[in-house]
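Q: I'd like to learn how to read interfaces, buried residues and salt bridges in a multi-chain model. Could we walk through one together?

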Amino acid sequence: MSQHVVSPKIYFAVFASLMLLTALTVWAAFQDLGPFNLAVALGIATLKATLVVLYFMHVRYNPKLIWLVIGLAVAWFGVFLVVTLSDYLSRGWIPFPGK
Amino acid sequence: MPAESHAAAAIHAHQFEDAEQQRDAVTLGMWAFLLTEVLFFGGLFTAYTIYRWSFPAAFALSSHHLDVLLGGVNTVILIGSSLTMALAVHAAQVGGRGVVGYLLLTMLLGSAFLGIKAVEYDHKFAERLIPGASFLMRDESRPAHLDPAGDAVVAAGIASADPGVEADLQHHAQIFFSLYFAMTGMHALHMVVGLGLLAWLVLAARRGRFSPAYSTPVEIVGLYWHFVDIVWIFLFPLLYLIDRHA
Amino acid sequence: MSDRTPATHYLNVSYGIRSWLFTRDHKRIALLYLASVTLMFLVGGSFAAMVRLELLTPAGDLFQADTYNKIFTLHGIVMVFFFLIPGIPAVLGNFLVPMMIGAKDLAFPRLNLLSWYLFNLGALFTLFNIVIGGVDTGWTFYTPYSTTWTTTNIVPVALGIFVTGFSSILTGLNFIVTIHKMRAPGLTWFRLPLFIWAHYATSVIIMLGTPVLAITIVLLALERVFHLGFFDPALGGDPVLFQHFFWFYSHPAVYIMILPAMGVISEIVTCFSRKRIYGYPFVAASSLAIALLGFLVWGHHMFVSSQSVFAGLVFSVLSFLVAIPSAVKVFNWTATLYKGSISFETPMLYVFGFLGLFTIGGLTGLMLACLGIDVHVHDTYFIVAHFHYIMVGGTVMGYLGGLHFWWPKISGRLYPEGWGRLSALIIFVGFNLTFFPQFILGYLGMPRRYHAYPEEFQVLNVMSTAGASILGVGYLIPLVYLVWCMRDGKVASSNPFGATGLEWQTPAPPPTENFPSPPRVTEEAYAYDKIPIPGGGAYAG
C-alpha cells in the first residue's frame, strides 16, 4: 500500500461542500418536514461523514482491507443499535405465556 | 542493524521487513483502533436512540435549550480544523514547509472549539440544566395559566400542571442532559487527547522528523482527528436540532 | 537443527529486573503475563474455595449473606476479567503468534508491553477494591442495585475492568495487524496454523465488543457518582437497557475465552494423532463464524428480564445457530483422531478432557437456548454448571494442555511426563465431581448466589465441594513442577514432539529475534504425512 498524495484542491472542495451541508442541515431543521426531519438530518450527517472518510482520511485511495474495517465498524454499531431497539419496539407483539 | 541515512532508505523498526510494511501495519493499526472508537461512541448513540424514542417531547424541549449558533459555529470550526489537518498531512507527504504551521492552526481551531464548549457548559450551569439536585427544565413557551381544575395558577415555564407528568418530564429532560454532557464530554476528552498528539507532532516536525519517506505519524494522527470531527458531525444535529421547526 | 540448548536465547540474553520490566520481546512479555495471570487465578480460586466451603452445609453459617455476595462476585470478576479473557491470548498467543507466522515480533512491541502494564494496573484496582471491602453485585453489575443501592465500592472495580479492557484491546489490535501484515513469504491465509485463525477471530471479537463494555462501565460509574438516571427506573431510566449494554460484550466475551483454547486443541490433536486436521477450511471458517454469530445472541441472558417475547424467540433461534460452528469443530477434531496414530502424552490427555467436557457444556448450552427450559433453570446451579463446563472443562483444559505442549519451547526443558499425566487425570476427576452434581442441583431448583439451601441438597453440595478440593490439588501440582523443571528439568530438543509449525523450527529456548531471516513456507499446515514420527519420542518409556 504505497501512500497516495491527495491534492489540496480536493481538500478545499470537500471543505466547501461540508460548509454547504452544514448550512443545509441547520436550515432544514427549521423547516417542518413532518416525519422526515430526522431522516434528512441523519442523511446529511452521513453524507458529510462520507466525504471526510473518503477524502480527508484518504479511504478513496486505500486498499479494500480498510474499507472492510470501516464497514465492519459501522455494521456492528448497527447490529447493537437495531437489535437493542427492536426489543423495545416489539414489546407486546407476543404476550407472555399465561397472560 | 545497518545504519541508514535519512536521505536514502526510510527508517523502520526492527520487527518490520521494510518501511512499507511498517507504514501498512501502523495505518491498519490506527484504523483498527478507530473501529473500537466507533463501537465506544456507538454505545452512547444507542442509549440516545432508545431514550429519544422513549421520551420524544422531553428530548425536543431539552434540545431547544441548546444554543444552535454556538453549536453551528463550533461545527464550522471543527470541520475547518479537519481541513488544516489534511493540509498538514499533505505538507508532510510532499516535504513542504507548512507542516508546523498547519498543525498549529489545527491546534488553534481545536482549542477554540473547546473554549466555546466551555462557554456552553457555563451557560447550562447558569440555566440550572446540569443533572442533579438543582436541575430544573423550564418551558419558556408556556406562560402562567390556570390548571385544568381552574382553582390554581400554574407558574410560567412549567410544562405541565400534572405533577406526575411534570416530574417525569424533569426526569426525562435530565436523561437528555446526562447524555448531552456524557457525549459532548467524551468527545471533548478525545479532543484534548488529540491536542496532545498534535503538540507531540509539532515538536517532532520542528526537529525535522518528517519527510516524504516518513510521514506516517502525521497521517495517523490525522485519521484520529478526522474521526473526532465525524463524531461531532453526528452529535450536532442529534443534540441541537431536534424538532426546531416547532 | 541442533538438539542442544543454544548458548544465547531470549531468557539469558540479558539479566536483571529492568531487562524484564522494559522488555519489548513478545516471549518475555508472555512470561510476564504468565506470572500476572497465575496470581489472579490463585486469587479467584481462593474465592471459589470460600464459596465451596460455605456450601458444605445447608445453613449460611460460615459467612454472612452480604459477605457471601462479595465472595461470589469477586470470584466471577477476577476469574472472568483477569484470568479467562486474557489467559491464553496473553500467554500462549503472545509467545506463539509471531513465531507461528515466521515474524521477529508482534507489529507493536511497545504496545504489547503497555498492554501488560495496563493489565496489572487494572488488577491492582481490583485487588485494592478487595482490600477495602469488595463488591456484592454479582460480576454482572445489574442496575439499579449497582448504581443506587449497594454500599460497596463499585467505582474502583469498574475502573479496574475498564483499564484491563484497554489491555485486551491493545492485544487484539496487535494480533490483527501482525497476522495481516507480517506473515512469512509463502504463508498464505489457508496455510496458517488454526491456532492463528483462532486468535485472529478472538481479536476481532475483542475489537468489536470490548469498547461497548467500556462505555457500559463509564455510564455505570457516571450514574453512580453523579446520580444520573440512565439505568435507574426511579429517575426515568431503564435497567433492562443496562443488561443489553452489558451482555452485548459479555456474551461474545465467552467466545473470547473459548476460541483460543480451540486453537490450542487443533495444534495438539494433530500432533498426537500424527495426522492433518480433518476439514481445515471448515475449522478455520467456524472460528470466524463463532466470532460473528456470537454477537447476535446476547439476549439469551435476558429471557426472564422483561425483554420482549419476540426478541426472546429470535435470540433463542440464533443461539441454536451459534452452536453449529462449535459442533463442526468437535466433529472435525474427532475425525482427525479417526485412524490417527494416537499417543497419550500430557497435552493429549487435556485434549481428550476438553473434547468430552466442552461437548457436555455445549450441549447444555443448547438446552439453555430453549426459552422454555431456560425460564425454569435460569439463575440456578444448572447455569453455573453449564458455564463452568465450558470455561473450566474447556478453556482451562486448553490452557493447561497448551502450556504443557509448548513448555519445552518456552523453557528449553521437558516437564516431568509422569506428573503431567497424573495431574491431568486428577483435574479431570476433580472437575467432574465438582460440577456434574451442580447440573442436578440446578435442575432440582437450587438457586445460584445463595449461601443457604434446603437440607435435601446437601449430599450433592458435599460431593461438589469434595471435587473442588481434588481440583485444587490438581491445579497446584503443575504450578510446582512447571516452575521446578525450568531449572532442573531434562533439557529439551527443539522439537521433542515432532510437531509441524514454524515455532518448532527454532531452537529451544528461541533466540530473541526468533528467525534470523523470515522462513519460506511451502507446505500446508499439519503436514504430518510428510514427516516421520520422532525416533522414540521425547517421552519414550
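Q: How much area is buried between chain C and chain B, and what part of it do carbon and sulfur atoms give?

A: A word of caution up front: this is a predicted model. The general idea is that the size of an interface is often given as the accessible area lost when the parts come together. Here chain C and chain B bury about 2,600 Å² between them, and carbon and sulfur atoms give 77% of that. On the chain C side, C:K181, C:I215 and C:F230 supply 19% of the area buried against chain B, more than any other three residues. As for who takes part, the contact draws 36 residues from chain C and 31 residues from chain B.

Q: How many salt bridges are there between chain C and chain B?

A: The general idea first: side chains of opposite charge can pair when their charged atoms come close. Between chain C and chain B the count is one salt bridge. The partners are C:K104 and B:E17, with 3.6 Å from N to O. There are also four residue pairs in polar contact across this interface, counting pairs with both residues at pLDDT 80 or more.

Q: Which elements give two or more residues to the side of chain C that touches chain B?

A: Look at α7 (154-181), α8 (194-226) and α9 (239-271) of chain C. The largest share comes from α8(C), with nine residues. Sorted by class, that side of chain C has 28 nonpolar, four polar and four charged residues.

Q: Now the other interface: how much area do chain B and chain A bury between them?

A: About 4,100 Å², with 81% of it on carbon and sulfur atoms. The contact takes 48 residues from chain B and 48 residues from chain A. In chain B, the residues that lose the most area to chain A are B:W31, B:L83 and B:H245, together 15% of what that side buries.

Q: How many salt bridges does the rule find across the interface of chain B and chain A?

A: Zero. Polar contacts do turn up: three residue pairs, both residues at pLDDT 80 or more. On the chain B side, the elements giving two or more residues are α1 (19-54), α3 (68-94) and α6 (216-240) of chain B. Of these, α1(B) provides the largest share, 19 residues. The class split for that side of chain B is 28 nonpolar, 13 polar and seven charged.

Q: Let's zoom in on one chain. What would the radius of gyration of a compact globule with 541 residues be, and what does chain C have?

A: The idea is to compare the chain with a globule of its own length. For 541 residues a compact globule would come out near 24 Å, and chain C has 23 Å, so the value agrees. Its C-alpha trace spans about 70 × 45 × 45 Å along the principal axes. Chain C has 16 helices and two strands, and 63% of its residues count as buried. Among contacts in chain C between residues at least 6 apart in sequence, 83% join residues at least 24 apart.

Q: Is C:V78 buried or exposed?

A: The cut-off for buried is under 20% relative accessible area. C:V78 has 0%, so this residue is buried. C:V78 sits in helix α3 (residues 65-84) of chain C. Leaving out residues up to four places away in sequence, C:V78 touches C:M40, C:V43, C:G44, C:F83, C:T126 and C:I130. The C-alpha atoms of C:V78 and C:A123 are 8.3 Å apart, with their places 45 residues apart along the chain.

Q: And where is C:S146 found?

A: In helix α6 (residues 145-149) of chain C. C:S146 is also buried, at 0% relative accessible area. A polar atom of the C:S146 side chain lies 2.7 Å from the backbone oxygen of C:F141.

Q: Which parts of chain C does the pair C:R191 and C:E524 tie together?

A: First the geometry: C:R191 and C:E524 form a salt bridge, with the closest N and O atoms 3.6 Å apart. C:R191 lies in the loop between α7 and α8 of chain C and C:E524 in the segment after β2 (490-491), so the pair ties together parts 333 residues apart in sequence. C:R191 is partly exposed at 22% relative accessibility, and C:E524 is partly exposed at 40%. For a buried case, try C:D25 and C:K27: their side chains meet in a salt bridge at 3.0 Å, N to O, and both residues are buried.

Terms used:
Residues are numbered from 1 along each chain as its sequence is written. Chains are lettered from A and ligands numbered from 1 in the order in which they are written. Side-chain values use heavy atoms; hydrogens and water are left out. Contact means heavy atoms within 4.5 Å. Buried area is the accessible area (1.4 Å probe) that two parts lose on being put together, summed over both. A salt bridge is a side-chain nitrogen of Lys or Arg within 4 Å of a carboxyl oxygen of Asp or Glu. A polar contact is a pair of N or O atoms within 3.5 Å; within protein, one must be able to donate a hydrogen and the other to accept it, and residues adjacent in sequence count only if both atoms are side-chain atoms. Helices (H or I, at least four residues) and strands (E, at least two) are DSSP runs, numbered from the N terminus. Ala, Val, Leu, Ile, Met, Phe, Trp, Tyr, Cys and Pro count as nonpolar, Asp, Glu, Lys and Arg as charged, and the others, Gly among them, as polar. Buried means under 20% relative accessible area, exposed over 50%, partly exposed in between (1.4 Å probe, protein chains only). The radius of gyration is taken over C-alpha atoms; the globule rule is 2.2 Å times the number of residues to the power 0.38.
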